[in-house]
Amino acid sequence: MNLKQELQDLNNKLDKSRRKLAAAEQRGDRGVVLQFKQEMNALTKRINSIKNQQKRELDKTGKSVKEMRFHRVLTKSEQADMGKLKKSVKGLVVVHPMTALGREMGLKEVTGFAPAAF
């Protein structure tokens, strides 16, 4: 299971636990309330762990892309025919500013990174 799906599943479980906790608090069932609080703490720890793991992977990817020797902003015509551009430039990595990687790198425009000039 990939991290994104696992994170979504854990968030769903946490939401379900919150709703069950609210119902148990209304009933005044202390044993069940304690159980759900422990479960919510465990889920929160696991969610934070997965988020940190995602951040580390994103940082690692960003670092490897930044280390490429050549980079430049792509023109609109290059963006329109991305397939042709990727075939002509070996090892090209295109980063859009609205993706997580683009936000992490602080990009403002669609930028191409490659090991050789293009």
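This report describes a helical core and a small set of paired strands in a predicted model.

## The nonpolar core

Twelve residues make up the largest nonpolar core of the model. Its members are L3, L7, L10, L14, L21, A24, V33, F36, M40, L43, I47 and I50. Two elements, α1 (3-27) and α2 (30-66), each give two or more residues to this core.

V33, one of the core residues, is in contact with L21, A24 and E25 once its neighbours within four places in sequence are left aside. Of these partners, L21 and A24 also belong to the core.

## S17 in helix α1

Helix α1 also holds S17. Is this serine buried or exposed? S17 has a relative accessible area of 2%, and because the limit for a buried residue is under 20%, S17 counts as buried.

When residues up to four places away in sequence are not counted, S17 touches F36, E39, M40 and L43. F36, M40 and L43 are among the residues of the nonpolar core. S17 itself lies in α1, and the residues it touches, F36, E39, M40 and L43, fall within the span of α2 (30-66).

## The three-stranded sheet

Three strands form an open sheet in the order β1-β3-β2, and their pairing is antiparallel. β1 (70-73) and β2 (93-95) stand at the edges; each has a single partner strand, so one side of each is left without a neighbour in the sheet. From one strand to the next, the twist averages 20°.

## Strand pairing around β3

How many bridges join β1 to β3? The two strands run antiparallel and are joined by four bridges. On this side of the sheet, F70 stands opposite A114 in β3.

The pairing of β2 with β3 (residues 111-114) is likewise antiparallel and extends over three bridges. Within it, V93 has F113 of β3 as its bridge partner, while V94 is partnered by G112 in the same strand.

## Side-chain directions in β3

Which residues of β3 point one way, and which the other? T111 and F113 point one way from the strand, whereas G112 and A114 point the other way. All of these residues are buried. Two of the residues that point in opposite directions, F113 and G112, are the bridge partners of V93 and V94 respectively. A114, which points the same way as G112, is the residue opposite F70.

Note on methods
Residues are numbered from 1 along each chain as its sequence is written. This is a predicted model: local features need pLDDT of at least 70, side-chain atom pairs count only at pLDDT 80 or more; totals for chains, interfaces and linings use all residues. Side-chain values use heavy atoms; hydrogens and water are left out. A nonpolar core is a set of buried Ala, Val, Leu, Ile, Met, Phe, Trp, Tyr and Cys residues joined through side-chain atoms within 4.5 Å. Buried means under 20% relative accessible area, exposed over 50%, partly exposed in between (1.4 Å probe, protein chains only). Contact means heavy atoms within 4.5 Å. Two strands pair if DSSP finds at least two bridges between them. Axes are lines fitted to C-alpha atoms, for helices over the stretch in contact, and angles run from 0 to 180 degrees between N-to-C directions.
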